[in-house]
Amino acid sequence: MAIESLSALLQKAEELECTLGEVVLLAEAADEQTDPQELLDRMTHYLGVMRAAVHRGIEEDIRSLSGLSGGAAKHLHQTSGTLLSGLARRAMTYSLAVIEVNAAMGKIIAAPTAGSSGILPGVILAVAEELQADEHRQAMALFTSAGIGQVIGQMASLSGAEGGCQAECGSASAMAAAAAVELARGTPKQAINASALALKNSLGLVCDPVAGLVEVPCVKRNAISALLALGAAELAMSGIESAIPMDEVIQAMGQIGRSMPVELRETAKGGLAQTPTGKKIASQLFEE
């Protein structure tokens, strides 16, 4: 039962009267010829790795080898919000925690990539706390996000080098938005719409790492992308739909990625990497 499109995934979920995550779990079990419980246990383990990364990022003095990132998550965790609080601030904090652990060579789950690894755990763990969702619901939400990511990877790309940061942080935001809807017990259609709304608002996002490192602007993009996912989920659960179907949004993302000049696809030859400050940072790091 291969998942070839999100329209097909939605149709199957509505036929079976189940969640997107349940369809993805059954499809994966059939593909791997594995007991679904074994896959559920594996996903629960991944959830534990994500949670451990969050705790490390907000509790320890994390600092990358370059010195370009670290400490932001702990700072947010220990301070009160000025404009944002509650769920939104926690999602940003948790997303920063994971991506800072990644930059410091810590253990993370690349979901879908290392450079966008903070978004999905930040959203899922923060929403789960807000809604008091148990570990099983969180793991099933991860299966929902996996289904979204699988189709994006098949129809477009999950690589910043191939499609820009829209393929990494944009895809992760779309995955997280759908997962948040499932955690909130929204419908499969709402989850797909949430993913479309999130990805639409990431189209054209370039990959321009300063000094070629996955830190600036990547770390803070993870935090903002978590907020994008929450906003998309809120819109979808309020009944607001994407005018463009998700499958077509993905196809558009693929076309945009192919149209991007190589300077804007993880080469550090354009965008923020080539600003005066970006070049100064790179020069200082290379001298060291």
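Biologist: What makes up the secondary structure of the protein chain?

Modeller: In this predicted model, the protein chain comes to 13 helices and zero strands. Read from the N terminus, the elements run α-α-α-α-α-α-α-α-α-α-α-α-α.

Biologist: Why is the protein chain called as compact as a globular protein of its length?

Modeller: The radius of gyration is 18 Å, and the globule rule gives 19 Å for 288 residues. The two values are close, so the chain is as compact as a globular protein of that length. Along its principal axes, the C-alpha trace spans about 60 × 40 × 40 Å.

Biologist: What share of the protein chain is buried, and what share of its contacts joins residues 24 or more positions apart?

Modeller: Buried residues make up 54% of the 288 residues. Among contacts with a separation of 6 or more, 75% are between residues 24 or more positions apart. The accessible surface comes to about 12600 Å², and carbon and sulfur atoms account for 53% of that surface.

Biologist: How many positive and negative side chains does the protein chain have, and how far apart are the centres of the two sets?

Modeller: There are 20 positive and 32 negative side chains, and the centres of the two sets lie 8 Å apart.

Biologist: What makes helix 6 agree with the expected span?

Modeller: Helix 6 has 13 residues, which should span 18 Å at 1.5 Å a residue. Its end C-alpha atoms are 18 Å apart, so the span agrees with the expected value.

Biologist: Why is helix 6 called largely enclosed by the rest of the structure?

Modeller: A residue counts as buried when its relative accessible area is under 20%. In helix 6, 10 of the 13 residues are buried, so the helix is largely enclosed by the rest of the structure. The buried residues include Ile 119, Leu 120, Pro 121 and Gly 122. What covers them includes helix 3, helix 5, helix 7, helix 9 and helix 11.

Biologist: Helix 9 is among the elements that cover helix 6. How do you know whether helix 9 is itself enclosed or open?

Modeller: The count of buried residues settles the matter: 15 of the 15 residues of helix 9 are buried, so this helix is largely enclosed by the rest of the structure. Helix 9 covers residues 169-183 and reaches 21 Å from its first C-alpha to its last, close to the 21 Å expected at 1.5 Å a residue. Just after helix 9, Arg 185 takes a positive phi of about 65°.

Biologist: What makes a positive phi worth pointing out?

Modeller: Most residues other than glycine have a negative phi. Gln 132, which follows helix 6, is not a glycine, yet its phi is positive, about 55°. Glu 266 is not a glycine either, and its phi is about 65°.

Biologist: Why is Gln 132 called exposed, whereas Glu 266 is called partly exposed?

Modeller: Exposed requires a relative accessible area over 50%, and partly exposed lies between that value and the 20% limit for buried. Gln 132 has 72%, so it is exposed; this residue is found in the loop between helix 6 and helix 7 (135-155). Glu 266 has 34%, so it is partly exposed; its place is the loop between helix 12 (246-259) and helix 13 (276-287).

Biologist: Why are His 55 and Gln 37 called partly exposed?

Modeller: The relative accessibility of His 55 is 38%, so this residue counts as partly exposed. Gln 37, with a relative accessible area of 40%, is also partly exposed. His 55 has its place in helix 3 (residues 36-59), and Gln 37 is found in helix 3 as well. The C-alpha atoms of His 55 and Lys 74 are separated by 9.5 Å, with their positions 19 residues apart along the chain. For Gln 37 and Leu 25, 12 residues apart along the chain, the C-alpha separation is 9.2 Å.

Biologist: Which peptide bonds are cis, and where do their prolines lie?

Modeller: Most peptide bonds are trans. A cis bond joins Ala 111 and Pro 112, with omega about 5°, and Pro 112 has its place in the loop between helix 5 (86-103) and helix 6 (119-131). The bond from Val 216 to Pro 217 is also cis, with omega near 5°. Pro 217 lies in the loop between helix 10 (188-200) and helix 11 (218-237).

How values were computed:
Residues numbered from 1 in each chain as written. Predicted model: local features only at pLDDT ≥ 70, side-chain atom pairs only at ≥ 80, totals over all residues. Heavy atoms only, no water. Helix = DSSP H or I, 4+ residues; strand = E, 2+ residues; numbered from the N terminus. Expected span 1.5 Å × (residues − 1). Buried < 20%, exposed > 50% of the residue type's maximum accessible area, 1.4 Å probe, protein only. Rg over C-alpha atoms; globule rule 2.2 N^0.38 Å. Contact = heavy atoms within 4.5 Å. Areas by Shrake-Rupley, 256 points an atom, 1.4 Å probe, with all protein chains shown as cover. Lys, Arg positive; Asp, Glu negative; His and termini not counted. Charge placed at Lys NZ, Arg CZ, Asp CG, Glu CD.
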